[in-house]
Amino acid sequence: MATVSNGIRHLPDYLDRPAQERLVEAIRTIVTGAPLYVPEMPGTGKPMSVRMTNCGSLGWVTDKDRGYRYQSFHPATGKPWPAMPQELIDLWERLADYPKPPEACLVNFYSDDARMGLHQDRDETDLAAPVLSISLGNSCLFRVGGLNRKDPTRSFRLASGDIVVLGGERRLAFHGVDRIYPKTSTLLKNGGRINLTLRRVNV
Ligand code: SIN
Ligand code: FE2
């Protein structure tokens with residue numbers, strides 16, 4: 001295990017290939033019931049390049065009019081989010097060092113030309129719980145900074161099976177994905193990258 005800085009842990013290659021394949025299968029089932037949709041930036045309505053869905057009792061969503069929030073149902077279908085797979089709950093129990101289970105798993109799908117700008121995960125009430133992030137498919141260049149947008153940042157690659165835990169004093173660290181490296185994994189038949197983030201929302 002590598003500690004990138006206080007409160008940020010990078011666990012390279014944490015999930016072996018069979019575990020990665022099981023997760024991809026679970027995500028396929030989730031996406032069948034809760035299709036990926038295009039999120040919009042609050043205010044401008046500008047579409048994000050990443051497509052999203054969720055599983056768990058809550059899901060993180062954003063659109064032009066109502067902005068960033070958690071809600072219990074899919075914004076397009078109106079149906080409750082699919083249940084969180086047991087493997088994800090188990091991973092949280094092993095790595096989060098937090099007594100309550102995760103409520104939300106945000107599923108981000110990056111095509112090879114998608115990216116995610118520098119941001120904080122701060123829509124949760126419970127900031128004592130970490131955010132646990134799982135990478136599947138093509139590698140990406142992940143950037144992480146400090147608690148202020150202008151703080152210096154560091155970049156490192158996340159490969160399929162890697163886990164990152166953002167917690168402690170870096171729970172609110174700015175982070176983002178600068179680019180995806182095409183053809184760096186054979187896990188996803190059509191390329192791209194999936195990122196799963198497990199979150200505890202309510203205290
Ligand atoms: C996120 O911050 O929601 C995604 C991070 C990632 O894709 O690794
Ligand atoms: Fe984030």
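This is a selection-by-selection tour of a predicted model, starting at its ligand and moving outward to single residues.

**Stop 1: ligand 1 and its surroundings**

Select ligand 1 and display the residues around it: Asn108, Tyr110, Met116, His119, Phe142, His175, Val177, Arg193, Asn195 and Arg199. By class, this shell holds four nonpolar residues, four polar ones and two charged ones. Ligand 1 sits in the largest pocket.

Switch to the secondary-structure view to see where the shell comes from. Two or more residues each come from strand 6 (104–110), strand 7 (116–119), strand 12 (175–180) and strand 13 (193–199). Which of the elements gives the most to the shell around ligand 1? Strand 13 does, with three residues.

**Stop 2: polar atoms beside the ligand**

Keep ligand 1 on screen and show the side chains of tyrosine 110, histidine 119 and histidine 175. In tyrosine 110, a polar side-chain atom is 2.5 Å from an oxygen atom of ligand 1. For histidine 119, the distance from a side-chain N or O atom to a ligand oxygen is 3.0 Å. Histidine 175 likewise has a side-chain N or O atom 3.0 Å from an oxygen atom of ligand 1.

How much of ligand 1 does the protein bury? On its own the ligand exposes 260 Å², and 97% of that is buried by the protein.

**Stop 3: histidine 175**

Stay on histidine 175, which belongs to strand 12. Is histidine 175 buried or exposed? Its relative accessible area is 7%, under the 20% cut-off, so histidine 175 counts as buried. For a distance across the model, pick the C-alpha atoms of histidine 175 and serine 111: they are 19 Å apart, with the two positions 64 residues apart in numbering along the chain.

**Stop 4: glutamate 124**

Next select glutamate 124, in the loop between strand 7 and strand 8 (131–137). This loop residue is buried, at 5% relative accessible area. Which side chains does glutamate 124 contact? One is arginine 171, through a polar contact of 2.8 Å between the side chains. Another is arginine 199, where the side-chain polar contact is 3.4 Å. Arginine 199 has already appeared on this tour, among the residues around ligand 1.

**Stop 5: valine 50**

Move to valine 50, in the loop between helix 1 (17–33) and strand 3 (51–56). Valine 50 has a relative accessibility of 0% and is therefore classed as buried. Now add glycine 192 to the selection. The C-alpha atoms of valine 50 and glycine 192 are 10 Å apart in space, while the residues are 142 apart in sequence.

**Stop 6: valine 201**

Select valine 201, in the segment that follows strand 13. Valine 201 is buried, with 4% relative accessible area. Its partner for this view is proline 102: 99 residues separate them along the chain, and their C-alpha atoms are 7.6 Å apart.

**Stop 7: two aspartates with positive phi**

The last stop concerns backbone angles. Most residues other than glycine have a negative phi.

Select aspartate 13, in the loop between strand 2 (8–11) and helix 1. Aspartate 13 is not a glycine, yet its phi is positive, at about 55 degrees. Is aspartate 13 buried or exposed? Aspartate 13 is exposed, since its relative accessible area is 58% and the cut-off is over 50%.

Then select aspartate 97, in the loop between helix 2 (86–95) and strand 6. What is the phi of aspartate 97? Aspartate 97 has a positive phi of about 55 degrees, again without being a glycine. The relative accessible area of aspartate 97 is 74%, which makes this residue exposed.

Technical notes
Residues are numbered from 1 along each chain as its sequence is written. Chains are lettered from A and ligands numbered from 1 in the order in which they are written. This is a predicted model: local features need pLDDT of at least 70, side-chain atom pairs count only at pLDDT 80 or more; totals for chains, interfaces and linings use all residues. Side-chain values use heavy atoms; hydrogens and water are left out. A residue is near a molecule or strand if one of its heavy atoms lies within 4 Å of it. A polar contact is a pair of N or O atoms within 3.5 Å; within protein, one must be able to donate a hydrogen and the other to accept it, and residues adjacent in sequence count only if both atoms are side-chain atoms. Accessible areas come from the Shrake-Rupley method with a 1.4 Å probe; for residues, only the protein chains shown count as cover. On a 1 Å grid over the protein atoms alone, a cavity is a set of points where a 1.4 Å probe fits but cannot get out, and a pocket is an open set with protein on both sides within 12 Å along at least five of seven lines; lining residues have an atom within 4 Å of a point. A molecule sits in a cavity or pocket if more than half of its atoms lie within 2 Å of its grid points. Helices (H or I, at least four residues) and strands (E, at least two) are DSSP runs, numbered from the N terminus. Ala, Val, Leu, Ile, Met, Phe, Trp, Tyr, Cys and Pro count as nonpolar, Asp, Glu, Lys and Arg as charged, and the others, Gly among them, as polar. Buried means under 20% relative accessible area, exposed over 50%, partly exposed in between (1.4 Å probe, protein chains only).
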